[in-house]
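This briefing covers contacts with DNA and the arrangement of aromatic rings. Please read it alongside the sequence and the model.

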Protein chains: 2
Amino acid sequence: MDDHTDQTRKPRADAVRNRERVLEAAKAVFNAGGPEASLEAVAKRAGVGIGTLYRHFPTREDLFEAVYRREVEQLSELAEHLRSAKDPVDALRRWLRSAVEFVATKKGMSAALALTYQSSSELAAFSMDRLTKAIGSLLGRAAEAGQMRGDMSPEDLLRALIGMCYMHDQPGWQSSVLRMLDVFVDGLRVQPAAKAKARAAKRTTPPEKRKR
Amino acid sequence: MDDHTDQTRKPRADAVRNRERVLEAAKAVFNAGGPEASLEAVAKRAGVGIGTLYRHFPTREDLFEAVYRREVEQLSELAEHLRSAKDPVDALRRWLRSAVEFVATKKGMSAALALTYQSSSELAAFSMDRLTKAIGSLLGRAAEAGQMRGDMSPEDLLRALIGMCYMHDQPGWQSSVLRMLDVFVDGLRVQPAAKAKARAAKRTTPPEKRKR
DNA sequence: CCAAGATACGGAGGCACCCTCCGTTTAACA
DNA sequence: TGTTAAACGGAGGGTGCCTCCGTATCTTGG
């Protein structure tokens with residue numbers, strides 16, 4: 001009875017490949033057809049059997065969650081890449097734009113997300129954490145370079161971003177949010193004259209919230 | 001060709017009755033089983049055939065919308081009744097409590113509501129209007145009686161209410177919201193000493209937002 | 001009160017999708 | 001290359017969706 005075989009086996013290549021394919025297909029199908037789209041359609045688009053889909057993602061919610069998680073991770077990685085951009089402020093701006101785009105493509109999925117978020121608060125925690133860190137990284141670099149106020153926490157910025165996107169049912173919301181974000185980033189920017197003062201305030205008591 | 005028959009006929013009694021029954025059943029079934037609940041279950045509970053249900057509400061969304069509208073109207077009517085209560089401040093407080101309860105029973109339906117709101121912005125407009133008027137009526141009476149500040153608009157109060165309920169996934173959110181509302185109403189209350197001043201300020205420039 | 005016509009009712013039936021189950025295939029390891 | 005665990009695919013039973021139409025019921029004019 002050689003039960004010493006509990007050393008984990010390498011996962012099968014086809015399994016890994018298929019999982020990836022299904023995620024890709026699901027992203028496309030859900031974005032196009034909304035959260036009610038047929039899972040059989042997803043399987044067909046992925047070029048796998050329906051059984052395979054169900055083995056990887058036993059419930060519809062599991063699939064939602066996985067797709068969403070993956071995209072959050074991609075946003076997070078984008079922040080990683082943007083860290084090496086020349087202009088830190090521009091990098092932050094670009095990342096925010098990508099985030100808005102991310103929300104935009106999820107338009108049809110908002111109901112599904114509400115449902116998923118409700119059933120798995122762990123997912124909410126995960127994405128908040130990930131996104132906060134992404135923003136924090138970009139924000140921190142810009143602050144260290146002395147180009148931005150240091151008294152805005154990543155959490156605050158994320159909340160502002162979410163709040164702005166929350167009104168995404170009005171027509172033209174996207175450009176509106178983009179405009180607001182630009183204004184916002186400009187506001188965060190350290191004015192040349194005030195640069196020294198901002199650097200001094202970086203790790204001390206945050207200054208009183210400026211009016212208008 | 002006597003086409004003068006366009007004088008509207010009285011609607012059939014059974015049709016009216018069945019419509020009402022379906023709405024009642026839908027409310028119960030959706031609250032219990034979430035927005036995915038079977039429409040056939042709704043029909044069965046209402047004691048009507050599935051065909052009848054579909055004639056009255058051709059799509060699932062139509063049914064959602066009708067149920068929701070009806071409840072908003074009930075909230076609105078409650079405000080009407082509360083207008084004749086003795087204590088205007090207490091009336092407002094009671095209405096707010098009912099509104100929170102209304103949200104609470106909709107817990108499972110939040111995803112459906114998101115969906116419905118998205119597809120029919122007219123519904124959103126309707127309910128905002130209705131609820132704003134309901135609050136306005138209670139608020140106005142309390143202000144006229146000199147028991148409350150007159151510089152809070154119904155829209156603001158409604159927004160605050162919605163905002164507070166927006167966090168309804170944390171455990172214990174309901175009591176938290178109720179507590180916050182109490183604080184809020186207390187804050188709106190005119191202090192005996194300041195009563196005269198408040199009455200004077202009623203229709204002029206709002207005073208600076210009070211601290212703490 | 002009755003007849004006639006308008007209107008609403010119910011549920012059978014066809015269809016799409018959900019999800020499980022298991023015989024077949026394939027990749028990892030020795 | 002053989003063995004075996006793991007993954008694959010899709011047939012099939014079940015459920016819910018929605019339409020369609022013969023039947024039942026209500027309103028109205030006489």
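In this predicted model, an N or O atom in the side chain of Arg12(A) lies 2.9 Å from a base oxygen of DNA strand C. Base nitrogens of the strand are also approached: one is 3.3 Å from a polar side-chain atom of Arg9(A), and one is 3.4 Å from a side-chain N or O atom of Arg9(B).

**Surface near DNA strand C**

- The strand is surrounded by 26 residues, with Arg60(A), Arg12(B), Asn18(B), Thr52(B) and Arg55(B) the closest.
- Sugar or phosphate accounts for 63% of the strand's atoms within 4 Å of the protein, and bases for the rest.
- Charged residues number 10 on this surface, beside 8 polar and 8 nonpolar ones.
- At least two residues each come from helix 1 (13-33), helix 2 (39-46) and helix 3 (50-56) of chain A, and from helix 1 (13-33) and helix 3 (50-56) of chain B.
- Helix 3 of chain B contributes the most, 5 residues.

**Aromatic pairs**

- Over all chains there are 4 aromatic pairs.
- Phe30(A) and Phe64(A) form a tilted pair, 4.7 Å between centres and 40 degrees between planes.
- Because Phe30(A) is in helix 1 and Phe64(A) in helix 4 (residues 60-82) of chain A, this pair ties together parts 34 residues apart in sequence.
- Phe30(A) is buried at 0% relative accessibility, as is Phe64(A) at 4%.
- Tyr68(A) and Phe102(A) form a tilted pair at 6.1 Å and 40 degrees.
- That pair links helix 4 to helix 5 (residues 88-105) of chain A.

**Charges over rings**

- Arg69(A) lies over the face of Phe126(A), 4.6 Å from the ring centre.
- In chain B, the charged end of Arg69(B) sits over the ring of Phe126(B), 4.6 Å from its centre.

Methods
Residues numbered from 1 in each chain as written. Chains lettered and ligands numbered in written order. Predicted model: local features only at pLDDT ≥ 70, side-chain atom pairs only at ≥ 80, totals over all residues. Heavy atoms only, no water. Near = heavy atom within 4 Å. Polar contact = N/O pair within 3.5 Å; in protein donor to acceptor, adjacent residues only side chain to side chain. Helix = DSSP H or I, 4+ residues; strand = E, 2+ residues; numbered from the N terminus. Nonpolar A, V, L, I, M, F, W, Y, C, P; charged D, E, K, R; others polar. Phe/Tyr/Trp six-rings, centres within 6.5 Å; stacked < 30°, edge-to-face > 60°. Buried < 20%, exposed > 50% of the residue type's maximum accessible area, 1.4 Å probe, protein only. Lys NZ or Arg CZ within 6 Å of the ring centre and 35° of its normal.
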